[in-house]
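Let's take a friendly walk through a protein together. Keep the picture open beside you and look for each part as we reach it.

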Amino acid sequence: MSEDIIRATIEPVDPASFQLLAVRICEMAAQRVLNLYRHNCKYCSNPVILSAVSVAAAKDELEPLELRYTCKCRDGLIREAPGGSAYYQCFDKRLDSEGVWWPDLDLAYPNGAPFIKRERYEKYRDLFTPRNLLALAYIWDSIENGDWSRRESFLLATLFRSIVHLCSRVSGDRRVRPLSAGWTQHSFWFAKNPVEINAWGAFYRKLHEYSGVIRSWQVITAGRSFRVGKTIDEVFRKRADIFVCTQDCATFLREIHESGHRVDYVFTDPPYNGMIQYGELSTMWNAWRPSKDFDSYIASIARSELTENRNQGKNIQDYYQHLRGALGQIAEVTRPGGYVHVTFSSPKVKYRNFTLRAARLAGLSFEKLHFQRSVRSSKKSIDQPFGSIFGDFIFRFRKPSSTSLPPDRRRLSMAELVHERVEYILKHRGEATPIHIAAAECERELFNAGFFDDDKALNRDVVDAMKRDESFRVSRDGSVTFACETRFTGTPLSLRVEKTVRERLAESRVVTYTDIWSAVLKEYPNSLTPDSTSITRSLQKYAIQKAGGVWEVKPAALRDRSTVHNRIILHCAKAFLAAGYEIAIGRPERSDAIFHSLRGRYSDICALIEIGSEKRTRLADHDRRRIANIDLAAWKIGDGLLPEVFLVEVETSTGFIDAFDRAQALLRSPKLDVTIAMMVTDRLRELQGRIGNRTTFRSVPDDIKRRTRVVAFDPGELTSLRKWKTLSQLIRRSPTWADLEAATRAVT
Ligand SMILES: C[S@@+](CC[C@H](N)C(=O)[O-])C[C@H]1O[C@@H](n2cnc3c(N)ncnc32)[C@H](O)[C@@H]1O
Ligand SMILES: [Zn+2]
């Protein structure tokens, strides 16, 4: 099925020929199929066509509960409760007597063992109402016996197969969507109340959908052409760009290996033990193939499907051996230094460890585990924003350039290794951390240390090790934290992320999630990679999502900057200028017209640090970006030993912590004498309150706190700030942050 879908997508016919093809198949099949759904309107008795029927199903009995149709005599959907229980009998007889072909199969393996997912169905025909199976058979008849080219009949058959499940009984009736069907269970679900949708309607909609696919593909390829090869060898020899195939990966990988060619990259999404029985379930579609093709299909899944399935005679050990073999072959055909991505979505530790162990024994090294939250949010993931593992894990492996395994660190116990890693990650992130992120870090280390090499590893769970470690606390929301809160240092990651998000918004006003995500990834790589929810939360705080998925900054997030906030900056800037300082205004503010007459650039202050050292060291981009967001900087190369720098941060609305973060790079430099003037207007009390419940500020180093003056003043007296004498005295006489903290501590 997947190969057909891919081919139908990447090698479509042109839209005009498809249009013609659609018209021809409609002419051939529509009437014959639609006749099966004829009915007379309960209001006007005129002939109508049923759109859908809600059905009651028992093991051997089917009964219509509600007929649904539209009629010219009134608006909207008409629902009718039919009388009589022999409704489907005539279709059953016709299936057997008309001589039209349909797949008469057992839902079983060639040796007679039943499909484990067949529920109460025994035969393929049981999956359908007799009418819908007959309807499908009629459409198939037109495809099989019409006068089509090979390409045409391939397209029609593929489109046909892709609607079969919608016409089956595995689709439960939903009264809110009375005309639609869907296969939502990973089994041949025996729905007690299935919906029987009009099979011709489903096929007709698919024809339409496919013309949409053709058009989208034209847009995607934009006239570029590529060559689809018939063998993998053509790709290696650069005679083709793409080769598509479905077969047992072992065979395919062996062919590659024997060709002597090596590949640069592998992406694989293998089955997660027996969670989904792809082979059995695909019978739904593959049944509609010539019987020799179907037989070889069933034989091939029984033989080589990678799964756990007792009726295929495969237990969990077989699954593991098979996976291990496949990853071994993958490692073999990957060139040294090449990458392998493996996705994995079972929350069960044991199965994850299987994958890790198989990869380790294949000689791959484990570089990174990325957790990709599912786009759909389940109820569970809303209740436990960190804890629930709803989504996919993506392991990144690399084939080492040398063949030796990484050094054995198994001298350390697993508990010791977990301890070391979790401590590292908590210190780095400065806050409680989603458990899957901490676990990923541990697993990477355990993997490379050889912990997954032996059987005992399979049931070991790093999360248990974290829980047992007394230095940490695993909370019920699924995060891990230091048992003793004071061990955190550094600004909490979520606040750093929030700042990055806001700065980006202030810079560009409109951003995409991807912009933000890549900015954050660059700034906080590897073990610092934040959970995507913290990005979403910050976005929701400062921006509104617009059509097309872009985020636009909320006016309120910038607004107060252009009023009191900006006027304070303006007055201070004038005072500094009058006293002979050079100044620069923060990038987010610069768009405000009140600053237009002022010049000054942040690159000049960066140059103070960068120039003059033996080696010119350029500040990192993210440091520059942060510095450029400082509300106001003023500096003078005076008589002192070091240039004197004032960083003015006006805290009229934000969380106080930003100032430290922006100023960091300048504060770190031994070449400057920096004072932060934190202009808090009348918010001194609020700040003291915040200092009182100190967790947020614990991370700021003491020497920075001593260099920060907390300047309180009456916001009604703004204009007095523009006099240098007033401003400089005000700053000099204000308490430092350290003073305030000491005072608050004395009180509590
Ligand atoms: C998790 S699914 C992949 C889903 C796919 N990435 C997608 O998004 O549609 C795993 C697939 O591996 C296939 N598979 C099972 N055993 C295999 C084998 N031995 N060789 C190759 N593919 C196999 C299954 O049929 C199934 O389609
Ligand atoms: Zn009517």
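Which residues do ring pairs link into a cluster? They are Tyr272, Phe344, Phe366, Phe395, Phe397 and Phe447. Before we look closer, please keep in mind that this is a predicted model.

How confident is the prediction? The protein has an average pLDDT of 86, and 91% of the residues reach at least 70. Confidence is highest in helix α10 (residues 283-286), where the mean is 98. The lowest mean belongs to helix α14 (residues 379-383), at 38. Across residues 376-389 the pLDDT falls below 50, and in the model this stretch makes 24 contacts beyond near neighbours in sequence. Where pLDDT is low, the predicted coordinates should not be read in detail.

Now back to the rings. The whole structure holds 33 aromatic pairs. One of them joins tryptophan 140 and phenylalanine 160, whose ring centres are 5.3 Å apart. Their planes meet at 40°, and a pair counts as tilted when this angle is neither under 30 degrees nor over 60, so this pair is tilted. Tryptophan 140 sits in helix α4 (residues 130-145) and phenylalanine 160 in helix α5 (residues 150-161), so the pair links distant parts of the chain, 20 residues apart. Are these two buried or exposed? Tryptophan 140 has a relative accessibility of 5% and counts as buried, and phenylalanine 160, at 0%, counts as buried too.

A second tilted pair brings us to two members of the cluster we began with. Phenylalanine 397 and phenylalanine 447 lie 5.6 Å centre to centre, with 40° between the planes. Follow the chain and you will find phenylalanine 397 in strand β9 (residues 391-398) and phenylalanine 447 in helix α16 (residues 435-448), 50 residues apart. Phenylalanine 397 has a relative accessible area of 0%, so it is buried. Phenylalanine 447 is also buried, at 0% relative accessibility.

Rings can have charged companions as well. Arginine 74 lies over the face of tyrosine 43, 3.6 Å from the ring centre. In another place, the charged end of arginine 120 sits over the ring of phenylalanine 190, at 4.3 Å from its centre.

Next, find the ligand. The residues around ligand 1 include Gln247, Asp248, Cys249, Asp269, Tyr278 and His322. Which kind of atom in aspartate 248 lies 2.9 Å from a nitrogen atom of ligand 1? It is a polar side-chain atom. With cysteine 249, a polar backbone atom is 2.9 Å from a nitrogen atom of the ligand. Aspartate 269 offers a polar side-chain atom, which lies 2.6 Å from a nitrogen atom of ligand 1.

Two more residues are worth a visit. Arginine 125 is in the loop between α3 (89-97) and α4. Its side chain is joined to that of aspartate 92 by a polar contact of 3.0 Å. Leaving aside neighbours within four places in sequence, arginine 125 also has Leu95, Asp96, Trp102 and Leu133 among its contacts.

Our last stop is alanine 358, in helix α13 (residues 349-361). Alanine 358 is buried, with a relative accessible area of 0%. Not counting residues up to four places away in sequence, alanine 358 touches Tyr320, Leu323, Arg324 and Leu327. Isoleucine 516 is 158 residues from alanine 358 in sequence, and 35 Å away in space, C-alpha to C-alpha.

How values were computed. Residues are numbered from 1 along each chain as its sequence is written. Chains are lettered from A and ligands numbered from 1 in the order in which they are written. This is a predicted model: local features need pLDDT of at least 70, side-chain atom pairs count only at pLDDT 80 or more; totals for chains, interfaces and linings use all residues. Side-chain values use heavy atoms; hydrogens and water are left out. pLDDT is the predictor's confidence in each residue, from 0 to 100. Helices (H or I, at least four residues) and strands (E, at least two) are DSSP runs, numbered from the N terminus. Contact means heavy atoms within 4.5 Å. Rings of Phe, Tyr and Trp (its six-membered ring) pair if their centres lie within 6.5 Å; planes under 30 degrees apart count as stacked, over 60 as edge-to-face and the rest as tilted. Buried means under 20% relative accessible area, exposed over 50%, partly exposed in between (1.4 Å probe, protein chains only). A charge sits over a ring if NZ of Lys or CZ of Arg is within 6 Å of the ring centre and within 35 degrees of the ring normal. A residue is near a molecule or strand if one of its heavy atoms lies within 4 Å of it. A polar contact is a pair of N or O atoms within 3.5 Å; within protein, one must be able to donate a hydrogen and the other to accept it, and residues adjacent in sequence count only if both atoms are side-chain atoms.
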